[in-house]
Amino acid sequence: MEFTEDKIIKFSEGLYGFEQLKQYLFIKPDDSFFFWLNSIENPNIAFPLFGLRLVDGAYPQEEHFEGFGIVTLNNNPLKVTINMKAPVYINQDEKSGFQKIIDSDKFPVHYNLFIE
């Protein structure tokens, strides 16, 4: 995949479970509500993301960063979940990001993104 330097987001600590991977492409397909975070060091690793403020307008934010939840995809839309417990925060202007754990039972690891 070809890309320009302005698409790279750097995570100094990596993501949980993938600490060795520090650089990702931040991709937003035109026809989707989902974003993708694709590792540059290992292109086989990609995470679908969804904006957490779309799920909860009062979701905790970090100054100058936008919060995203990693999505667990499933063929059954009712089993698609988003991780609200360990958000990925991205600053698109500074090209940096980090992940942290929210210490609150209000935000589950597996929040159903779609309901009947």
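Q: Why are strands E1 (residues 8–11) and E8 said to pair?
A: Two strands pair if DSSP finds at least two bridges between them. E1 and E8 share 2 bridges, in the parallel sense, so they meet the definition. In E8, Ser96 is the bridge partner of Lys10. E1 and E8 are called strands because each is a DSSP run of E of at least two residues, numbered from the N terminus (helices are runs of H or I, at least four residues).

Q: What kind of model is this, and how are its residues numbered?
A: The model is predicted: local features need pLDDT of at least 70, side-chain atom pairs count only at pLDDT 80 or more, and totals for chains, interfaces and linings use all residues. Residues are numbered from 1 along each chain as its sequence is written, and side-chain values use heavy atoms, with hydrogens and water left out.

Q: How do you know that strand E7 (residues 88–91) pairs with E8?
A: E7 and E8 are joined by 4 bridges and run antiparallel, and at least two bridges are required, so they pair. Ile90 stands opposite Gly97 in E8. E7 and E8 form a hairpin with 4 residues between them, and Lys95 in the turn has a positive phi of about 60°.

Q: Which residues of E8 (residues 96–99) lie on the covered face, and which on the uncovered one?
A: Gly97 and Gln99 are on the covered face, Ser96 and Phe98 on the uncovered one. In a regular strand the side chains alternate between the two faces of the sheet.

Q: What is Phe26 in contact with, leaving aside its neighbours within four places in sequence?
A: Contact means heavy atoms within 4.5 Å. The partners of Phe26 include Ile9, Leu37, Phe68 and Ile90.

Key:
Buried means under 20% relative accessible area, exposed over 50%, partly exposed in between (1.4 Å probe, protein chains only).
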